Amino acid sequence: MMSSGGRKILQILLLVLLAAYSVVAVRYCSDREAAVRCSGVEIEVADSAVQRFVTPEIVLRWLADSGVRTVGVPLREVDVYAVERLVEQQDYVLQADAYTAIDGLLHITLTQRRPVVRVVSEAGHNFYLDSTLVLLPPQADCLASVPVVSGRLPLSFPTDFFGRLDEKKFPRERELLHNLLNFVHQVDTDRFLDALTAQIYYEAGEITLLPRVGGQIVRFGAIVDSAAVGRRLRKLSRFYRASFAEGWWRTATEVDLRFRGQVVCKGMPADLSTPAGQQRAADEEAKQ
């Protein structure tokens, strides 16, 4: 049976051997890394199944155009931080990570920005907007299935500007875009309204909706107050759900939500244009 002193000596010897092995292994890896050259670039776009604004081919083109040295360069000389900065500077990239491995490859993993709404102004602005108020350029070979807001939007920045708007230089534009994002988000949370809404038009501080059914327009009003927007959207949803079977939307020309507690319709069918018919629709709405 080994004495306590012998066990201590054995433990010390094992620690010395482990330390020596670690030094040799680190030196071996370091020497191997110095000898190995970058043989290629492996790129992973984490959310490519959802959208394809960025592809591995596009990233390779960014690297080729930038002059950043990668393939053929010793691994330890590949500037992974420069690679990350280059990729993250691109419009549709939210985050990027780059590293080299003993397999001789430069590995790049990135996540794309996700468009939430598309804005098309009559002045010529045309951009996607993500949830952090970053303006993204449209791409001909990739379309995002998001709501489109068009109209006479008071945007004073150049039509070819993309990126993050300066808070001090464009405070009103940022507030408007924030309100549009909030409006689109609230519409999106109501599956009925999301399916009903075909177009969103902005003019003079107010929103007009074009439904997918009938020829009427919906005068929604201002979208500055988020709570008021939520109340009006719920009122609109209840009204359509409660009275849709009446068929009034086939002849109606306008639905106006700008009056507190009321839904005012123009061009209603004869039976719903009478006081009794209007009261029936109002009663159905109030039940919801």
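# Exercises on sheets and cores

This predicted model holds an open sheet of 10 strands in the order S8-S6-S5-S4-S7-S9-S10-S11-S12-S13, with mixed pairing. Its edge strands, S8 (163-164) and S13 (264-266), each pair on one side only.

Strands (E, at least two residues) and helices (H or I, at least four) are DSSP runs numbered from the N terminus; two strands pair if DSSP finds at least two bridges between them. Residues are numbered from 1 along each chain as its sequence is written. The model being predicted, local features need pLDDT of at least 70, side-chain atom pairs count only at pLDDT 80 or more, and totals for chains, interfaces and linings use all residues, while side-chain values use heavy atoms, without hydrogens and water.

**Exercise 1.** Find how S6 and S8 pair.

*Solution.* Step 1: locate S6 at residues 134-136. Step 2: count two bridges to S8, in the antiparallel sense. Step 3: Val 134 stands opposite Arg 164 in S8.

**Exercise 2.** Describe the pairing of S2 and S3.

*Solution.* Step 1: S2 covers residues 93-100 and S3 covers residues 105-112. Step 2: they form seven bridges in the antiparallel sense. Step 3: Val 93 faces Gln 112 in S3. Step 4: four residues lie between the strands of this hairpin, where Gly 104 has a positive phi near 90°.

**Exercise 3.** Which element gives the largest share of the largest nonpolar core?

*Solution.* Step 1: a nonpolar core joins buried Ala, Val, Leu, Ile, Met, Phe, Trp, Tyr and Cys residues through side-chain atoms within 4.5 Å; buried means under 20% relative accessible area (1.4 Å probe, protein chains only). Step 2: the largest core has 41 residues. Step 3: H4 gives seven residues, the largest share.

Note on methods. Buried < 20%, exposed > 50% of the residue type's maximum accessible area, 1.4 Å probe, protein only.
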